[in-house]
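Open the model in your viewer and set it to cartoon view. Keep the selection box at hand for the stops below.

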Amino acid sequence: GWLPQTDFFGLDYTGVAGNSSLCNDDLSWVGDPEHALLEDLRQTYAPEDWRPPRASNARTLVVGQLMSESQVVGFTQYQTFNEFIADSIDQLGTDQITVRPHPLSDDQDEVLQLCRSRGLEVSDPKEEDFVSALSKHGSVYGITSTALLEASLLEVSAMASGECPLLSHQG
């Protein structure tokens with residue numbers, strides 16, 4: 001993950017998020033060995049009974065992020081997760097999204113309550129793990145969250161809003 005992380009994080013010689021070397025890399029070096037490694041990683045990460053959700057599932061899982069993270073502070077326009085939710089509604093519509101706050105967010109309960117009061121569908125991290133929530137959605141939208149990388153690993157369409165390698169290489 002990116003900083004702050006409690007266990008693992010990567011270092012890039014040019015920077016994080018929008019300054020990462022991967023943002024400007026054409027990825028021409030990626031070949032069969034890297035694809036095989038990706039498939040091995042996918043098999044290790046995915047639950048035994050995992051099946052990617054049908055592409056016809058139009059709902060998008062909007063994932064939260066700790067707003068104090070370095071890539072949010074330096075590479076997005078958002079000051080709060082609620083601002084991102086408002087943009088998500090503008091782009092995707094209220095009937096097309098499910099909001100999932102970051103499981104370590106201090107305002108998780110407040111975000112869930114606000115979303116429910118506005119009639120938005122929610123995924124509570126205390127009641128449902130990420131992969132279970134992901135299995136019900138055709139895509140995931142986030143700022144620069146590592147949840148986007150997890151979704152990509154599990155072959156679920158992931159869209160990023162903040163400057164990050166995923167945004168540089170979407171599609």
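Rings of Phe, Tyr and Trp count as a pair if their centres lie within 6.5 Å. Keep that cut-off in mind for the opening stop. Remember too that this is a predicted model.

**Stop 1: the aromatic cluster**

Select Tyr-78, Phe-81, Phe-84 and Tyr-141, and show their side chains. These residues form one aromatic cluster. How many aromatic pairs does a search of the whole structure find? The search finds three. One of them joins Phe-81 and Phe-84, with 6.2 Å from centre to centre and 25 degrees between the planes. This pair counts as stacked because planes under 30 degrees apart get that label.

Now colour helix α3, residues 81–92. Both Phe-81 and Phe-84 lie in this helix, three residues apart, or about one turn. Are they buried or exposed? Phe-81 is buried, with a relative accessible area of 5%. Phe-84 is buried too, at 0% relative accessibility.

Next, look from Phe-84 to Tyr-141. Their rings form a tilted pair, 4.9 Å centre to centre, with 35 degrees between the planes. Here the pair links distant parts of the chain: Phe-84 sits in helix α3 and Tyr-141 in strand β4 (residues 139–142), 57 residues apart. Both residues are buried.

**Stop 2: the sheet**

Tyr-141 leads into the strands. Select all of them. Five strands form an open sheet, with parallel pairing, in the order β3-β2-β1-β4-β5. Which strands stand at the edges? They are β3 (121–122) and β5 (157–160). Each has a single partner strand, so one side of each is left without a neighbour in the sheet.

**Stop 3: strand β1**

Select Thr-60, Leu-61, Val-62 and Val-63. Thr-60 and Val-62 are on one side of β1, and Leu-61 and Val-63 on the other. All are buried, and both faces of the strand are covered.

Look at the neighbours of β1. It pairs with β2 (residues 97–100) in the parallel sense over four bridges. In β2, Ile-97 is the bridge partner of Thr-60. With β4, strand β1 pairs in the parallel sense over three bridges. There the bridge partner of Val-62 is Tyr-141, a residue you met in the aromatic cluster.

**Stop 4: the β5 edge**

Move on to β4 and β5. They pair in the parallel sense over four bridges. Ser-139 has Ser-157 in β5 as its bridge partner, and Val-140 stands opposite Ala-158.

Which residues of β5 are on its covered face? Ala-158 and Ala-160 are. Ser-157 and Met-159 are on the uncovered one.

**Stop 5: two helices**

Add helix α6, residues 146–153. It packs on the sheet and touches β1, β4 and β5. The direction of α6 makes about 155 degrees with that of β5.

Now add helix α1, residues 32–45. The axes of α1 and α6 come within 10 Å and cross at roughly 100 degrees. That makes α1 roughly perpendicular to α6.

To see the contact, show side chains. From α1, pick Leu-38, Leu-41, Arg-42 and Tyr-45. They meet Glu-150, Ser-152 and Leu-153 in α6. What kinds of residue make up this contact? There are four nonpolar, one polar and two charged.

Technical notes: Residues are numbered from 1 along each chain as its sequence is written. This is a predicted model: local features need pLDDT of at least 70, side-chain atom pairs count only at pLDDT 80 or more; totals for chains, interfaces and linings use all residues. Side-chain values use heavy atoms; hydrogens and water are left out. Rings of Phe, Tyr and Trp (its six-membered ring) pair if their centres lie within 6.5 Å; planes under 30 degrees apart count as stacked, over 60 as edge-to-face and the rest as tilted. Buried means under 20% relative accessible area, exposed over 50%, partly exposed in between (1.4 Å probe, protein chains only). Two strands pair if DSSP finds at least two bridges between them. Contact means heavy atoms within 4.5 Å. Axes are lines fitted to C-alpha atoms, for helices over the stretch in contact, and angles run from 0 to 180 degrees between N-to-C directions. Angles under 35 degrees count as roughly parallel, over 145 as roughly antiparallel, 65 to 115 as roughly perpendicular and the rest as oblique. Ala, Val, Leu, Ile, Met, Phe, Trp, Tyr, Cys and Pro count as nonpolar, Asp, Glu, Lys and Arg as charged, and the others, Gly among them, as polar.
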